[in-house]
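Open the structure in your viewer and keep the selection tool ready. We will walk through it one stop at a time.

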Protein chains: 2
Amino acid sequence: MAKSSGKGTEISAYGEFGLIEHLTKDFPLRNRDTKKGIGDDAAVISPRNKQMVVTTDLLLEGVHFDLAYTPLKHLGYKAVVVNLSDVYAMNAVPRQITVSVGVSSRFRVEHLEELYEGIRLACDHYGVDLVGGDTSASYSGMVISVTALGRASREELVYRDGARENDVICVTGDLGGAYMGLQVLKRENKIFQQDPKFQPDLSKYEYIVGRQLKPEARRDIIQLLKEKGVKPSSMIDISDGLSSDLLHLCHRSGTGCRIYQDKVPIDAETAAAAEEMKIEPLIAALSGGEDYELLFTVSPKDMDKLASRPQITPVGFMTPAEKGRLLVTSSGSETEITAQGWNAFGRMKDE
Amino acid sequence: MAKSSGKGTEISAYGEFGLIEHLTKDFPLRNRDTKKGIGDDAAVISPRNKQMVVTTDLLLEGVHFDLAYTPLKHLGYKAVVVNLSDVYAMNAVPRQITVSVGVSSRFRVEHLEELYEGIRLACDHYGVDLVGGDTSASYSGMVISVTALGRASREELVYRDGARENDVICVTGDLGGAYMGLQVLKRENKIFQQDPKFQPDLSKYEYIVGRQLKPEARRDIIQLLKEKGVKPSSMIDISDGLSSDLLHLCHRSGTGCRIYQDKVPIDAETAAAAEEMKIEPLIAALSGGEDYELLFTVSPKDMDKLASRPQITPVGFMTPAEKGRLLVTSSGSETEITAQGWNAFGRMKDE
C-alpha cells in the first residue's frame, strides 16, 4: 500500500485511517472490561462496580522531550508510563489508554512504527489496552497526547488530601536519577553537536540515563501495599520533584511536614554524576523531577508492615500545618521546603 | 499574583499550577458521577452500572484550526463539541471532559482565558464536567487535546457495525455548510491579508460561518430517538463528510448502500455560497466534513416513528455488500461513492 524509499515511507502514503490501522494492528485487547477498542466513534469500557480514574498528559517536542537524545521507542514507552504512574498514584490499576500523535512532515511511517513499538511494549508490560486516539499532521514537530483510564473500588482509592499529623512520609526507590540522566544526555549531545564524530560513552551513567529515558511506574509498590494490607493516607507520584510533590500533599491535606536530608534516598551513580557536574545531589533529588517514584503517607501503626522493604524509605512525618514544611539538614538545621520543581512554563523562560 | 501590561499578562507570571487553577476556577462539578475533578493525580468517576465511552481528539494550530479567523472562545467551544459529538454518536450521554492545552510564548493569559471561556460555555450547555488536563508551554503554536467520557447502558450503545440490508439511512440537519463557511472565511482572510483596512462583511454568510466556527453536537436527536423509542442499528457523526462516514458504516456493517442526490439536505445559504465560489453544492455536502451532524441507520419499521421530523432526512438505504456503495444522481445515473473527506495528512500535502 505505502511506497517505501531509502528515506522511509511518507506518512501521506497511508491516509489517516490506513495509518492508524497499520500502527495499531499488533495491539490486542486483553482486559475483559474493554468492550470496544479502536474503530468506532468512541471506545467502550464496562467498569462494573468499580470507580474509574482518568488522567491525561500532553507531551510536546522541545518542551517535554528532545529527539536529539530520545529514541522514539523509549519516548513511546515513557509517554505511556508517566500516565500509568498517575493512575497508580490513586492506588488504582490502569486498564486502558488512548494515544493521539501529531507529526510534522519530517517524520516517516517508520518513525511512527518505532514510537508505537514503545507504546506497545508499555501496554504489554502493564497489561493495558490501547483503545483510542489517532495520528495527525502537525506543523510543529511531534505532539503526543495520552489519556489513561484505571479502576479501583471506592475503598481502595487514595487521594492527596488524606494525610494526618504524625503520618510517616515514605518515598519509593531513589530520587534525582532521572534529572542527572537528563543533564548527562544534554552534555553529551552538546559535545556531539560541536563534533559529529564524537561517540558518547554513557556506560558510566547507565542507571541514571535509563531513569530518564525509560522510567517505570511503581506497580510493584501498589501490589505490595495491597498484599500487606496497608492503605496510604495520601499519595502522589513524584513527577515534579520531592519538594514540589510533598508540598502538594501538605497543601491538600492541610498539614505541615518534616523530612530529613539524610533519609532522602539517592543512588550512588546519581550522587557521583551530580558531584561531577557540580550539582548538589540533594537538589537533584528534591527538585529534579521525572523519577516517577511514589510519595505516600501511612499511619505510624502501619509502618511495621512495611519494615525492611528496601524499596520503601521513610523520610519524615507530617506535622500540624502551623509547624511549617521543613527540611532538617545533616547538620541539624531546619530550612523551609520550597517548590522548585520542573515547570513547563518556567522552562520556556529559562531556555 | 500575575503582572499585567497593556499587552496582557505573561503566562509565566502564574506558573503551571497557579495557571490551571486560575483558568478552571469557574468550572463547577455538576454530575453526581464525577467524584473528583481537577486537583489530584487523576479524576475519579463512578459509572455505577453504566458503560463508559471514551474518545479523544488532538487539535493542532495550522492543521485543524487557523487563528487568523477563529476566535479563541469559539475554538474552545468547538474543541469540546467535536468530542461530545463522538459520544452522542455512540448513543451515549457525555459527562466529563479533560482538556490539555499547549501554548507558545506569543500567547498571554488573556488568550487562555478566552479559550477556557469557550470551553466553559460548552460544559454549561452540554452539562459536562471539566475533570482534568493542564496547560503547558509549546514551541509550536497552540495545541489542544480533549478527551470526552460519557455513559450509556449496554442496551443503549450504538456501534458502527449494526446496519442491515434495507435499513434506512438518515442524516440530521443539513450538510456542507461548515465547509462552505470555511471557504468564505479563507477567502475573506486572504483579502484582509492583502489589505488590512478591508472589513469583511459576513452577514450574507452568517449561517455557514456559524456552522464552521460554532458547531453544535446533536444532543437533541439522541433525546428525540430515546423519546420515540427508536434505537438506530448503526450510527456515526459526520466529521469527515457524508461519503467518508457512510463508507465507514458500510465497511463495519458489511453492507452496500444507495443514497439519492436529491435527498441530501443542503441549506440554501450553503448552495448559494457554493455556486458563488464555483463549487458543486453536492460535493461540499458529500466531502466537506465538520458538520457534526449524525448519520444513522434504522430499521424500516421504525421510520414511521420518525416521520415529519424536519431535522431528520432519509437519504437512502442499506443494500447487500455486493450491490456496491452507490449515489443515484438527479438524472438517475449511478456513481460509486468514494471517500474524499477531510484528511489531516492529505491536507498537509495539498496546502
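## Where two domains meet

Between the two domains of chain A, 16 residues of domain 1 are in contact with 18 residues of domain 2. Keep in mind as you look around that this is a predicted model. To see the two sides for yourself, select residues 11–152 of chain A for domain 1 and 168–350 of chain A for domain 2. The C-alpha centres of domain 1 and domain 2 of chain A are 26 Å apart.

Which helix gives the largest share of the domain 1 side of chain A that touches domain 2? Select helix H2 of chain A, residues 72–88: nine residues of that side come from this helix. By kind, the domain 1 side of this contact in chain A divides into 10 nonpolar, four polar and two charged residues.

## A helix in domain 2

Next, select helix H4 of chain A, residues 177–194. Helix H4 of chain A has 18 residues, and from its first C-alpha to its last it reaches 26 Å, close to the 26 Å expected at 1.5 Å a residue. Now colour its buried residues; among them are A:Tyr179, A:Met180, A:Leu182, A:Val184 and A:Leu185. What covers the buried residues of H4(A)? Show helix H5 (206–213), helix H8 (268–276) and helix H9 (281–287) of chain A, which are included in that cover.

## The open sheet of chain A

Stay with chain A and switch to a cartoon view. Look for an open sheet of seven strands in the order S9-S11-S8-S12-S10-S13-S14, with mixed pairing. Which strands of chain A are at the edges? They are strand S9 (234–238) and strand S14 (334–336), and each of these pairs on one side only. From one strand to the next, the twist averages 25°.

For a closer look inside this sheet, select strand S10 (residues 255–260) and strand S12 (residues 312–320) of chain A. These strands run antiparallel and are joined by five bridges. Zoom in on A:Cys257 and you will find A:Met318 of S12(A) opposite.

## Over to chain B

Now select strand S13 of chain B, residues 325–328, and show the side chains. Are B:Arg325 and B:Leu327 buried or not? Both are buried and point to one face, while B:Leu326 and B:Val328 point to the other face and are not buried.

Add strand S10 of chain B, residues 255–260: S10(B) and S13(B) pair in the parallel sense over four bridges. Here B:Cys257 stands opposite B:Arg325. Then add strand S14 of chain B, residues 334–336, which runs antiparallel to S13(B) and is joined to it by three bridges. In this pair, B:Val328 stands opposite B:Glu334. Follow the backbone through the hairpin of S13(B) and S14(B), where five residues lie between the strands, and stop at B:Gly332, which takes a positive phi near 90°.

## Last stop: where the chains touch

Finally, show both chains together. How many residues does the contact take from each chain? It takes 57 residues from chain A and 57 residues from chain B. Select strand S3 of chain A, residues 51–60: with eight residues, this strand gives the largest share of the chain A side that touches chain B. That side of chain A divides into 26 nonpolar, 21 polar and 10 charged residues.

Keep S3(A) selected and add strand S2 of chain B, residues 43–45. Three bridges join these antiparallel strands across the two chains, and A:Met52 stands opposite B:Ile45.

Notes
Residues numbered from 1 in each chain as written. Chains lettered and ligands numbered in written order. Predicted model: local features only at pLDDT ≥ 70, side-chain atom pairs only at ≥ 80, totals over all residues. Pairing = 2+ DSSP bridges. Axes fitted to C-alpha atoms, helices over the stretch in contact; angles between N-to-C directions. Contact = placed C-beta atoms within 7 Å. Nonpolar A, V, L, I, M, F, W, Y, C, P; charged D, E, K, R; others polar. Buried ≥ 20, exposed ≤ 12 C-beta atoms within 10 Å, placed from the backbone. Domains from an automatic or database assignment. Expected span 1.5 Å × (residues − 1).
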